[in-house]
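Subject: Structure for you to look over

Dear colleague,

I am handing over the structure we spoke about, and below it you will find what came out of going through it. Please read the notes with the structure open beside you.

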Amino acid sequence: MDIKRLVKKDVQRLRAYSAREVPCRIKLDANESPYGFSAALQAAARINTNRYPDPEAKQLRGILARDLVTRPENILQGNGSDELIYYLIATFGGPVLFPTPTFSMYGIISRALGEKPVEMPLDGEFDLDLKKMLAAIRKERPRLIFLSSPNNPTGNCFSAERILKIIGSSTGIVVVDEAYQPFSSRRGFLPLLKDYRNLVIMRTLSKIGLAALRIGFLIADKEIIEEVNKVRLPFNVNSLSQAVAVAALRKRNDLDRTVRAIRAERARMFTAMEKIKGVRPFPSEANFILFKVKDPGTVHASLLKKGILVRNIDDAVKGCLRVTVGTPQENSSFIRTLGVILSAKA
Ligand code: PMP
């Protein structure tokens, strides 16, 4: 039997997302936090393993609502924000407009669901090309627009005025993906939710030390939340993750302390990377730094030979690698090794 022939055309054309595990000593490739919260795991011991999770994640949404100064009915929980991207596209459909380079899942999930992705290149400063974006809005009438700000993999925030112009011009939903907002010096878009009914903010706990739990969430108008909630699988966030996340969020100060440490380390890394000849780091508002080198493939391989794993971004941003901010020791080791590799090449 030819199984391939049975597969939907859109899916036949896809390739599975590659999240290969590369053995390494220092893992700086996936924008994770170097700090975990194992004390919060104790909360998992109180779970009744024979019972289904709370399908509405009431405690979790309650604590998130308090932190974000909103109401639980304005929050929708996801198994990571990846799943929420899926739900948004399943709910509203395409065309799905997004600038590139950006987070790859907007395109991958659009294709998986048979919806048309519309990609518009960013300008030379990695900011939104407003003219191109507005032209695409007029021509394609996207039902969804995804704007990752701070953007992965470039690290910058898009200009707030340009984002506002896009929200104001769109007849569809605009999702501002604030996965990296905790690391940003700019104000996020939460305060603007009251002014724009088509605005959705997406956040995640993955970047602040809780990636293992797979918890993302949307903040939006109640009507949007209710519509997206119709396509949500009933028990999408499991009991273990709910309980551990609640315990971790009750110690908000501990989470915030690690975010501050990462921001301080980002500044130190940036300055040190600027001093290495042949390296051009780009300013970052996220927990990673994009940097340009002459020969990214070789530099990537040389770092890995020393046990340091970074991400090769060359196919999305020519000549670039992306390094996640780790612990001070990990970062020092990365900077030292990068310096040695580039001086050997000079
Ligand atoms: N949005 C952006 C911009 C990301 O970079 C990522 C993770 N790489 C995600 C969303 C997905 O995060 P989660 O772990 O919550 O699925």
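Two strands are said to pair if DSSP finds at least two bridges between them, and with that in mind, β9 and strand β10 (residues 288-292) pair in the antiparallel sense over 2 bridges. Please keep in mind throughout that this is a predicted model.

Staying with that pair of strands, Arg 280 stands opposite Lys 292 in β10. Both strands belong to an open sheet of 4 strands with antiparallel pairing, in which the order is β9-β10-β13-β12. The edges of this sheet are taken by β9 (280-281) and β12 (311-312), and because each has a single partner strand, one side of each is left without a neighbour in the sheet.

There is also an open sheet of 7 strands, with mixed pairing, whose order reads β2-β8-β7-β6-β5-β3-β4. Here β2 (75-78) and β4 (117-121) are the edge strands, each of them pairing on one side only, and on average the neighbouring strands of this sheet are turned by 25° against each other, direction ignored. At the β4 end of the order, strand β3 (residues 96-100) runs parallel to β4 and is joined to it by 5 bridges; Val 96, for example, has Pro 117 of β4 as its bridge partner. As general background, the strands of a sheet pair through backbone hydrogen bonds, either parallel or antiparallel.

On the cysteines, which may interest you at the bench, the structure holds 0 disulfides. Cys 157 is in no disulfide, and the nearest cysteine sulfur, that of Cys 320, is 18 Å away, whereas a disulfide would need the two sulfur atoms to lie within 2.5 Å. The same holds when one starts from Cys 320, which is in no disulfide and has the sulfur of Cys 157 as its nearest cysteine sulfur, 18 Å away. Cys 157 is buried, with a relative accessible area of 9%, and Cys 320 also counts as buried, at 1% relative accessibility.

Lastly, at the start of the chain, Met 1, Ile 3, Leu 6, Val 7 and Val 11 form a nonpolar patch on the surface, and together they have about 520 Å² of accessible area. Of these residues, Met 1 lies in the segment before α1 (3-6), and because its relative accessible area is 89%, Met 1 is classed as exposed.

With best wishes

Note on methods
Residues numbered from 1 in each chain as written. Predicted model: local features only at pLDDT ≥ 70, side-chain atom pairs only at ≥ 80, totals over all residues. Heavy atoms only, no water. Patch = residues over 30% accessible without salt bridge, like charges linked within 9 Å, V, L, I, M, F, W, Y side chains within 5 Å. Areas by Shrake-Rupley, 256 points an atom, 1.4 Å probe, with all protein chains shown as cover. Salt bridge = Lys/Arg side-chain N within 4 Å of Asp/Glu carboxyl O. Buried < 20%, exposed > 50% of the residue type's maximum accessible area, 1.4 Å probe, protein only. Axes fitted to C-alpha atoms, helices over the stretch in contact; angles between N-to-C directions.
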